[in-house]
Amino acid sequence: PVTTDSVRAWARRLRRPLVTTFAGRIDLARAPFDLRLARRLYQAILAPLEPLLDEPSRLIIVPDGALYYVPFEALVAPSARAEQASAAALGTPYMQARFAVDRYEIEYLASSQFLARPSHSPLPLHAVVLTRAAPGSGAEVAALEAAWPHEDLTVLAGSTATETAARAHAEDAQVLHFALHAQADDDDPLASHLRLGPDARNDGYFHLTEIAAVHWRARLV
C-alpha cells in the first residue's frame with residue numbers, strides 16, 4: 001500500500017538524526033527517535049502481514065534498498081494508549097510505545113538463499129578468531145578462550161591476523177569470529193572492508209567483493 005519512494009524517504013528521515021554528527025561526533029542526546037514516522041513505517045510494511053502471523057512470531061527479514069536502514073525492531077505498532085498519552089504527563093512517550101521487538105523475534109539475512117536449513121556437523125565445532133587492534137577485542141578473545149575447547153580454537157592475533165591467514169584458516173572453520181576494525185562505505189559499498197594485516201600477498205583490506213568470492217562453509221560468522 002506504499003510506494004518505494006515513500007519508504008525510501010521515510011527510512012532516510014528516521015535514520016538522519018541517528019547519524020548526524022556534532023563537532024565530528026554523534027550525540028545521542030540530540031538524536032530523537034521519530035515515533036510517528038516509525039509508526040507510519042510499521043503500518044506500511046508490517047501491519048498488512050499481521051493477519052498471517054501468529055503471536056508470538058519470529059520474523060526473518062531479507063531487506064533490500066532503503067530497507068537496510070530501517071530498524072525493524074524499533075518500528076512502532078499502533079496503540080490507543082500511546083496515542084492518547086501526553087509526553088508531559090509521562091516524561092517520555094517512548095515508554096508507552098509498543099515496538100515490534102515487543103511482539104516479534106527479528107532476524108536479518110543477507111539473502112533468501114540462507115533460509116535453507118544448514119547441514120549440522122557433529123560437535124565440537126572448530127572456531128577461528130581473528131583479532132587486530134580493536135578496542136575490547138582482548139576481552140572478546142579471552143571470553144572465547146575460556147568457553148571454547150582449546151583444541152578446537154585457533155586464534156590469530158596482531159601481526160598474524162593477516163588477510164592471507166584469514167583466507168587460509170577460515171576454509172575449514174565452522175565458526176569465524178572477527179574482533180577487528182571494519183570500514184563501511186555508503187558511497188561505494190563494494191569498497192567496504194575488514195581491516196586485517198598486510199603481507200607480501202595481500203594488502204590487508206578484505207573488501208566486500210573479495211569476501212563475496214570466498215566460499216566458506218562456516219555456520220556462524
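**Figure 1. Strands S7 and S8 pair in the parallel sense, joined by five bridges.** We start inside a predicted model, at a spot where two strands run side by side. A good residue to look for is Thr131, which stands opposite Ala157 in S8. Strand S7 covers residues 127–132, and S8 covers 153–157. If you follow S7 along its length, you will find that five of its six residues are buried, so this strand is largely enclosed by the rest of the structure.

**Figure 2. S7 also pairs with S9, again in the parallel sense, here over six bridges.** Val129 is a handy landmark for this view: its bridge partner in S9 is His177. Stepping back a little, the three strands form an open sheet in the order S8-S7-S9, with parallel pairing. S8 (153–157) and S9 (175–180) stand at the edges with a single partner strand each, so one side of each has no neighbour in the sheet. On average, neighbouring strands of this sheet are turned by 10° against each other, direction ignored. As you look along any one strand, it may help to remember that side chains in a regular strand alternate between the two faces of the sheet.

**Figure 3. Trp148 sits in the loop between helix H5 (137–147) and S8.** Is this tryptophan buried, partly exposed or exposed? Its relative accessibility is 24%, so Trp148 counts as partly exposed. Leaving out residues up to four places away in sequence, Trp148 touches Leu125, Ala127, Leu153 and Val175. Some of these partners will be familiar from the sheet: Ala127 belongs to S7, which covers residues 127–132, while Leu153 belongs to S8 and Val175 to S9. Pro124 is worth finding too: Trp148 and Pro124 are 24 residues apart in sequence, with their C-alpha atoms 9.3 Å apart in space.

**Figure 4. Helix H1 takes up residues 4–19 and has an end-to-end span that agrees with its length.** At 1.5 Å a residue, its 16 residues should span 22 Å, and the end C-alpha atoms are indeed 22 Å apart. Which residues of H1 are buried? They are Val7, Trp10, Ala11 and Leu14. The spacing of such positions is easier to read with the helical repeat in mind: an α-helix has 3.6 residues a turn, so residues three or four places apart point the same way. Part of the cover over the buried residues of H1 comes from helix H2 (35–45).

**Figure 5. H1 and H2 meet in a left-handed crossing.** Their axes come within 10 Å and cross at roughly 145°. On the H1 side, the contact is made by Val7, Trp10, Ala11, Arg13 and Leu14, and on the H2 side by Leu37, Ala38, Arg40, Leu41 and Ala44. Sorted by class, this contact of H1 with H2 has eight nonpolar residues, two charged ones and no polar ones.

**Figure 6. Leu41 of helix H2 is a residue worth a view of its own.** With 0% relative accessibility, Leu41 counts as buried. What does Leu41 touch, not counting residues up to four places away in sequence? The list is Val7, Trp10, Ala11, Leu14, Leu46 and Leu75. Among them, Val7, Trp10, Ala11 and Leu14 are the buried residues of H1. Leu41 also has Ala74 at 10 Å, C-alpha to C-alpha, although 33 residues separate the two in sequence.

**Figure 7. Thr164 is found in helix H6, which covers residues 163–169.** This threonine is buried, with a relative accessible area of 15%. Setting aside neighbours within four places in sequence, Thr164 is in contact with Asp199, Arg201 and Asn202.

**Figure 8. Strands S10, S11 and S12 form an open sheet in that order, with antiparallel pairing.** S10 (182–183) and S12 (205–207) are the edge strands, each pairing on one side only. Three bridges join S11 (residues 193–195) to S12. To find your place, look for His193, whose bridge partner in S12 is His207.

**Figure 9. The whole chain, with its seven helices and 12 strands, sets the close-ups in context.** Its C-alpha trace spans about 60 × 45 × 35 Å along the principal axes. Of the 221 residues, 31% count as buried. Among contacts between residues at least 6 apart in sequence, 70% join residues at least 24 apart.

Definitions and conventions: Residues numbered from 1 in each chain as written. Predicted model: local features only at pLDDT ≥ 70, side-chain atom pairs only at ≥ 80, totals over all residues. Heavy atoms only, no water. Pairing = 2+ DSSP bridges. Helix = DSSP H or I, 4+ residues; strand = E, 2+ residues; numbered from the N terminus. Axes fitted to C-alpha atoms, helices over the stretch in contact; angles between N-to-C directions. Expected span 1.5 Å × (residues − 1). Buried < 20%, exposed > 50% of the residue type's maximum accessible area, 1.4 Å probe, protein only. Contact = heavy atoms within 4.5 Å. Left-handed = near helix turned anticlockwise from the far one by under 90°. Nonpolar A, V, L, I, M, F, W, Y, C, P; charged D, E, K, R; others polar.
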